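This report is written for a reader meeting the structure for the first time, and it begins with one helix before turning to its surroundings.

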Amino acid sequence: MSDQSTSGATPPRRTFLMVLPLVAFIALALLFWFRLGSGDPSRLPSALIGRPAPQTTLPPLEGLQADSAQIPGLDPAAFKGKVSLVNVWASWCVPCHDEAPLLTELAKDKRFQLVGINYKDAPDNARRFLGRYGNPFGRVGLDTNGRASIEWGVYGVPETFVVGREGTIVYKLVGPITPDNLRTVLLPEMEKALKAGS
């Protein structure tokens with residue numbers, strides 16, 4: 001009779017083993033929730049910070065002119081001696097449209113140069129994009145296959161890099177430039193780069 005009364009109850013060990021996967025799942029879900037919710041996704045670490053900018057030459061965007069002269073492509077030698085803001089963009093990138101007016105405003109500051117890397121874009125579309133918003137870039141290199149952007153450590157467009165006078169990457173902004181991150185992050189990083197070695 002005692003055998004029949006105990007056979008209906010689940011042993012404590014079996015209950016523990018049945019509940020263990022649920023507890024593990026909840027613990028992992030909470031860990032992911034808190035880790036994804038903390039921090040600024042635009043501040044992804046970059047292995048290139050403190051290292052020389054990639055020595056990649058890119059052809060110019062043909063037909064893009066300023067003062068009746070072709071705007072040059074990307075030449076790594078152009079980084080030496082100047083602070084540069086390098087923006088990776090594309091006409092098909094929706095956030096790139098949002099940040100374009102801010103780049104045009106930044107281009108008014110002649111203490112640094114703006115360099116554009118046009119990522120996997122059709123030249124006609126890229127020219128139309130710059131015609132619509134105005135061209136803030138002193139140089140625009142075409143990265144038609146995306147290889148140069150990989151060398152720059154680009155996760156996706158838009159991304160922006162601050163390159164110091166020595167040609168070293170000093171900061172990376174992932175995602176679009178916004179009025180908020182321009183004021184609180186990007187301009188202070190530019191100021192640091194301008195003061196360094198001046």
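## Two sides of helix H4

In this predicted model, Arg 128, Gly 131 and Arg 132 are exposed on one side of helix H4, whereas the buried residues of the helix are Ala 126, Phe 129 and Leu 130, on the other side. Seen down the axis of H4, these buried residues fall within an arc of 90 degrees, so they line one face of the helix. An α-helix has 3.6 residues a turn, so residues three or four places apart point the same way.

The cover over the buried residues of H4 includes E3, helix H3 (94-106), E4 and E5. Helix H4 itself, which spans residues 123-133, lies across E3, E4 and E5 and runs at about 125 degrees to E3. Just after the helix comes Gly 134, which takes a positive phi of about 95 degrees.

## The five-stranded sheet

The strands that H4 crosses belong to an open sheet of five strands, ordered E5-E4-E3-E6-E7, in which the pairing is mixed. Strand E5 (139-143) and strand E7 (169-174) stand at the edges and have a single partner strand each, so one side of each is left without a neighbour in the sheet. On average, and with direction ignored, neighbouring strands of this sheet are turned by 20 degrees against each other.

Strand E3 (residues 84-89) and strand E4 (residues 113-119) run parallel and are joined by six bridges, with Val 88 standing opposite Ile 117 in E4. With E6, by contrast, E3 pairs in the antiparallel sense over five bridges, and here the bridge partner of Leu 85 is Val 162 in E6. A further helix, H6 (residues 179-195), packs on the sheet, where it touches E3, strand E6 (159-163) and E7, and its direction makes about 165 degrees with that of E7.

## Strand E6 and its hairpin

How many of the five residues of E6 are buried? Five of the five are, so the strand is largely enclosed by the rest of the structure. In a regular strand the side chains alternate between the two faces of the sheet. In E6, Glu 159, Phe 161 and Val 163 point one way while Thr 160 and Val 162 point the other way, and all of them are buried.

E6 is also joined to E7 by five bridges, the two strands running antiparallel, and Phe 161 has Lys 172 in E7 as its bridge partner. The hairpin of E6 and E7 has five residues between the strands, and in this hairpin Gly 167 takes a positive phi near 85 degrees.

## The chain as a whole

The secondary structure of the protein chain comes to six helices and seven strands, and from the N terminus on the elements run α-α-β-β-β-α-β-α-β-α-β-β-α. Of its 198 residues, 41% count as buried, and the chain exposes about 11,700 Å², of which carbon and sulfur atoms supply 61%. Among the contacts with a separation of 6 or more, 73% are accounted for by residues 24 or more positions apart.

As for confidence in the prediction, the protein chain averages a pLDDT of 88, and 87% of the residues score at least 70. Over residues 40-44, however, pLDDT stays under 50, and for this stretch the model has eight contacts beyond four places in sequence.

Notes
Residues numbered from 1 in each chain as written. Predicted model: local features only at pLDDT ≥ 70, side-chain atom pairs only at ≥ 80, totals over all residues. Heavy atoms only, no water. Pairing = 2+ DSSP bridges. Helix = DSSP H or I, 4+ residues; strand = E, 2+ residues; numbered from the N terminus. Axes fitted to C-alpha atoms, helices over the stretch in contact; angles between N-to-C directions. Contact = heavy atoms within 4.5 Å. Buried < 20%, exposed > 50% of the residue type's maximum accessible area, 1.4 Å probe, protein only. Arc of directions from axis to C-beta. pLDDT = per-residue confidence, 0-100. Areas by Shrake-Rupley, 256 points an atom, 1.4 Å probe, with all protein chains shown as cover.
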